[in-house]
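Colleague: Could you take me slowly through the sheet of this model, strand by strand, and then through what packs against it? I am new to reading structures, so please keep to one part and connect the details as you go.

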Amino acid sequence: MTTPPLSTIRKRADFLAANRGARVARPGFVLLAAPNGGLGKRFGVTVTRKIGNAVVRNRMKRRFRELLRAALPGLGLPDHDHVLIGREGGVERDFARLGSELAEALARLASGKADPPRRRPPARRPRR
């Protein structure tokens, strides 16, 4: 059975699993990548409500999906989930610049030079 060259991540559990993987931050986005157990190259896009209204968020997601469809077949890690998280200035950034930043971020992931993992906040103790 062959998997399609690119497929979309739809389940929340897959997004959470990608969050435990490698991370590369850029001015317009954060790229996450995690192995998916042989399911091929998959991608997902997340933009929070802090970014703007629905029109702005949807525009940003459309741009990110197009960037990922163009870059992942050649530069994406095989059998990995790739998730782009939109950042505040991402919608105003030049499309070509976003594309070059995505290529650079994918190259960093492929060479193993991801950003260090974020520290978790200390666990809170329940009140008595």
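Modeller: What follows is a walk through the sheet and then through the helices that pack around it.

Before we start, please keep in mind that this is a predicted model. The mean pLDDT of the chain is 87, and 94% of its residues reach 70 or more. Among the elements of the chain, the lowest mean pLDDT, 88, belongs to strand 1, residues 6-8, while the highest, 94, belongs to strand 4, residues 41-46. As a general caution, where pLDDT is low, the predicted coordinates should not be read in detail.

How many strands form the sheet, and in what order do they lie? There are 5 strands in an open sheet, arranged in the order 1-4-5-3-2, and their pairing is mixed. Strand 1 and strand 2, the latter made of residues 22-25, are the edge strands, each of them pairing on one side only. From one strand to the next, the twist averages 20°. It helps to remember that strands of a sheet pair through backbone hydrogen bonds, either parallel or antiparallel.

Let us now cross the sheet in that order, beginning at the edge formed by strand 1. Strand 1 runs parallel to strand 4, and 3 bridges join the two. Within this part of the sheet, serine 7 stands opposite arginine 42 of strand 4. On the next step, strand 4 is joined to strand 5 by 5 bridges, and these two strands also run parallel. Two facing pairs can be picked out here: phenylalanine 43 is opposite histidine 82 of strand 5, and glycine 44 is opposite valine 83 of strand 5.

Is strand 4 largely enclosed or largely open? Residues count as buried when their relative accessible area is under 20%, and 5 of the 6 residues of strand 4 are buried, so strand 4 is largely enclosed by the rest of the structure. Strand 5 is likewise mostly covered, with 6 of its 7 residues buried.

Beyond strand 5 the direction of pairing changes, since strand 5 and strand 3 run antiparallel and are joined by 7 bridges. One example to find in the picture is leucine 31, whose bridge partner in strand 5 is leucine 84. The last step leads to strand 2, which runs antiparallel to strand 3 and is joined to that strand by 4 bridges. Here alanine 25 has valine 30 of strand 3 as its bridge partner, and a hairpin of 3 residues links strand 2 to strand 3.

With the sheet in place, we can turn to the helices. Helix 2, residues 54-75, lies across strand 1, strand 3, strand 4 and strand 5, and runs at about 160° to strand 4. Alanine 54 belongs to helix 2. Is alanine 54 buried, partly exposed or exposed? Partly exposed covers the range between 20% and 50%, and alanine 54 has a relative accessibility of 39%, so alanine 54 counts as partly exposed. Alanine 54 is also 35 Å from glycine 112, C-alpha to C-alpha, the two being 58 residues apart in sequence.

Helix 2 also packs with helix 3, residues 95-110, at an angle of about 40°, and their axes are 10 Å apart. An angle from 35 to 65 degrees counts as oblique, and therefore helix 2 and helix 3 are oblique to each other. Their crossing is right-handed. The residues that make the contact include Phe64, Leu68 and Leu72 of helix 2, and Phe95, Leu98 and Leu102 of helix 3.

One last place deserves a careful look, namely the loop between helix 2 and strand 5, where aspartate 79 lies. Most residues other than glycine have a negative phi, and most peptide bonds are trans. Aspartate 79, however, has a positive phi, near 55°. With a relative accessible area of 36%, aspartate 79 is partly exposed, because this value falls between 20% and 50%.

Notes
Residues are numbered from 1 along each chain as its sequence is written. This is a predicted model: local features need pLDDT of at least 70, side-chain atom pairs count only at pLDDT 80 or more; totals for chains, interfaces and linings use all residues. Side-chain values use heavy atoms; hydrogens and water are left out. pLDDT is the predictor's confidence in each residue, from 0 to 100. Two strands pair if DSSP finds at least two bridges between them. Axes are lines fitted to C-alpha atoms, for helices over the stretch in contact, and angles run from 0 to 180 degrees between N-to-C directions. Contact means heavy atoms within 4.5 Å. Buried means under 20% relative accessible area, exposed over 50%, partly exposed in between (1.4 Å probe, protein chains only). Angles under 35 degrees count as roughly parallel, over 145 as roughly antiparallel, 65 to 115 as roughly perpendicular and the rest as oblique. A crossing is left-handed if the near helix is turned anticlockwise from the far one by less than a right angle, and right-handed if clockwise.
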